[in-house]
Amino acid sequence: MAVTTATVKLDAHAVRADFPIFEQKIHGKPLAFLDSAASSQKPRQMMEAMTAFYSTSYANVHRGVYVLAERATAALEDAREKVRVLLNAPDVREIIFVRNATEAINLVAYAWGMNNLGRGDVVVVTELEHHSNFVPWQYVAGKTGAQFAMIALDEEGELDLSSLEAIAAQGNIRVVATNQVSNSLGTINPVEKLVAWAHDQGAIFVLDAAQSAPHMAVDVQALGADFVAISGHKMCGPSGIGVLWGRADLLSAMEPFLLGGHMINSVRLDKTTWGELPHKFEAGTAPMAEAVGLGAAIDYVTAVGLDTIAAHEHELAAYALGRMGEIPGITLYGPPAERRTGIVSFNIEGVHPHDVAQILDMHGVAIRAGHHCCQPLMQKLGVAATNRASFYLYTVREEIDQLIDGLTAVRKVFA
Ligand SMILES: Cc1ncc(COP(=O)(O)O)c(C=O)c1O
């Protein structure tokens with residue numbers, strides 16, 4: 001008997017009521033916020049958790065022996081445990097708080113890459129990377145004399161795995177760094193296959209999960225990755241906090257990234273020794289309130305359910321792709337809805353993406369226009385920029401209808 005897994009249907013209108021930003025009008029129109037891939041909006045519950053922390057439990061962490069310092073430390077460590085559970089990490093010491101996904105990747109590129117790469121080694125990324133998972137590796141490869149190789153894209157905007165053989169033939173692959181979901185096309189990449197391939201080559205695998213962790217369950221043990229980077233602000237959390245998860249054995253063997261207070265074991269005139277994980281990688285005062293906010297955001301998205309969110313976004317992507325197909329002269333980029341999250345990139349023939357975005361703004365619709373920090377991808381697509389509409393757990397069909405009405409108006413302006 002076939003077994004079907006019923007997913008609870010997300011009531012986005014009910015979710016939306018938790019987000020005060022939607023209580024306003026923009027240019028007299030309801031706000032259609034279709035730029036969640038850049039940063040998500042914030043639920044009341046997350047903001048209240050931060051306010052409560054500042055109002056009742058604020059002090060610097062890990063230093064004081066008084067009640068407030070102990071409360072603040074417990075709040076920070078409680079948030080770390082929530083991240084561990086979210087990612088199914090084996091050990092809470094592997095959860096490093098950083099500023100954002102960019103810093104998480106830089107941490108690995110510098111602290112692992114600079115000390116482990118050299119001439120004759122190969123660093124592999126993809127043509128689909130955000131600059132945050134491209135530029136640090138290109139830079140570190142250049143500094144260490146390693147080669148920099150790229151997994152190519154096919155016509156649909158998906159990774160062409162047939163290019164792996166030629167890359168493997170180059171020899172000593174040491175790092176494979178890819179995203180799980182493309183911020184530009186929404187493509188969901190075959191990470192398990194890529195991890196297995198990287199490990200077959202003897203390489204470590206660095207996963208940029210900035211666009212996946214907010215939208216689907218990410219299990220670091222099931223994926224088998226060695227490092228995973230996420231940003232809090234894209235998953236209903238505050239700005240200013242991200243996470244690097246790394247395998248404890250790799251993190252323990254690495255040199256620190258930032259140096260100073262808190263990350264030391266002892267400091268002598270002749271020598272400084274490093275603290276234990278995670279402290280070795282958390283120099284300076286921690287993003288304490290931000291961690292509390294991230295913990296509350298994790299509670300929020302997991303209560304809605306990451307599988308439920310993923311199903312909601314697939315449905316919205318299919319609806320948007322169908323309706324956008326009605327617009328004359330539109331080019332839609334990326335794979336079919338079932339192989340992408342809630343991200344739709346497009347161009348309208350003869351209209352600059354910034355003009356599209358500006359006219360849409362007058363209709364209350366917020367989308368992103370530009371290269372989306374993916375210039376190598378733009379080169380591959382043969383364009384300077386695209387428009388991008390992106391969805392999340394609070395996105396409703398009416399916002400997509402508002403987008404279509406706006407695009408119809410764009411067509412009229414540029415008829
Ligand atoms: C796929 C991907 N990776 C990395 C980043 C960088 O995230 P942050 O700016 O929070 O460091 C982004 C941000 O858009 C992204 O979409």
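**Group meeting: a walk through the predicted model**

Let me begin with a loop, the one between β12 and α10, which is where P278 lies. The peptide bond that leads from L277 into P278 is cis, with omega near 0 degrees. I should say at once that we are looking at a predicted model, so please hear each of the following values as computed from its atoms. A second backbone feature sits in the loop between α3 (67-87) and β4, the place of N88, where phi is near 50 degrees, a positive value in a residue that is not glycine. As background for both, most residues other than glycine have a negative phi, and most peptide bonds are trans.

Staying for a moment with β12, this strand (residues 272-274) runs antiparallel to β11 (residues 264-267), and three bridges join the two. The connection from β11 to β12 is a hairpin that passes through four residues, and across the pair S266 stands opposite T273 of β12.

Now to the sheets, beginning with the one made of seven strands, which is open, has mixed pairing, and follows the order β4-β10-β9-β8-β7-β5-β6. At its edges stand β4 (95-98) and β6 (147-151), and because each has a single partner strand, one side of each is left without a neighbour in the sheet. Neighbouring strands here are turned against each other by 20 degrees on average, with direction ignored. Within this sheet, β7 (residues 172-179) and β8 (residues 204-208) run parallel and are joined by five bridges; if you would like one position to look at, V175 has I204 in β8 as its bridge partner.

Which helices lie across these strands? Helix α4 (residues 101-116) lies across β4, β5 (121-126), β7, β8, β9 (227-231) and β10 (242-246), and runs at about 155 degrees to β9. Helix α5 (residues 135-144), for its part, lies across β5, β6, β7 and β8, running at about 150 degrees to β6.

The next sheet is also open, but it consists of four strands in the order β13-β14-β17-β16, and its pairing is antiparallel. Its edges are β13 (330-333) and β16 (368-370), each with a single partner strand, so that one side of each has no neighbour in the sheet. From one strand to the next the twist averages 30 degrees. At one end of that order, β16 and β17 (residues 386-390) run antiparallel and are joined by three bridges, with N387 of β17 as the bridge partner of A369.

Let me turn to the ligand. Which residues surround the ligand? They are N100, A101, T102, H130, S132, N183, D208, A210, Q211, S231, H233 and K234. Three polar approaches deserve a closer look. D208 places a polar side-chain atom 2.5 Å from a nitrogen atom of the ligand, while a polar side-chain atom of Q211 lies 2.7 Å from an oxygen atom of the ligand, and one of K234 lies 2.5 Å from an oxygen atom of the ligand. How much of the ligand's accessible area does the protein cover? Of the 390 Å² that the ligand has on its own, the protein covers 88%.

I will finish with the aromatic side chains, where the count comes to eleven aromatic pairs. One of them is formed by F19 and Y300, whose rings are 5.8 Å apart from centre to centre, with 80 degrees between the planes, an angle that makes the pair edge-to-face because it is over the 60 degrees required. This pair links distant parts of the chain, 281 residues apart, for F19 lies in the loop between α1 (12-16) and β1 (25-26), whereas Y300 belongs to helix α10 (residues 288-304). That brings us back to α10, the helix that bounds the loop of P278, with β12 on its other side.

Conventions. Residues are numbered from 1 along each chain as its sequence is written. This is a predicted model: local features need pLDDT of at least 70, side-chain atom pairs count only at pLDDT 80 or more; totals for chains, interfaces and linings use all residues. Side-chain values use heavy atoms; hydrogens and water are left out. Two strands pair if DSSP finds at least two bridges between them. Axes are lines fitted to C-alpha atoms, for helices over the stretch in contact, and angles run from 0 to 180 degrees between N-to-C directions. Contact means heavy atoms within 4.5 Å. A residue is near a molecule or strand if one of its heavy atoms lies within 4 Å of it. A polar contact is a pair of N or O atoms within 3.5 Å; within protein, one must be able to donate a hydrogen and the other to accept it, and residues adjacent in sequence count only if both atoms are side-chain atoms. Accessible areas come from the Shrake-Rupley method with a 1.4 Å probe; for residues, only the protein chains shown count as cover. Rings of Phe, Tyr and Trp (its six-membered ring) pair if their centres lie within 6.5 Å; planes under 30 degrees apart count as stacked, over 60 as edge-to-face and the rest as tilted.
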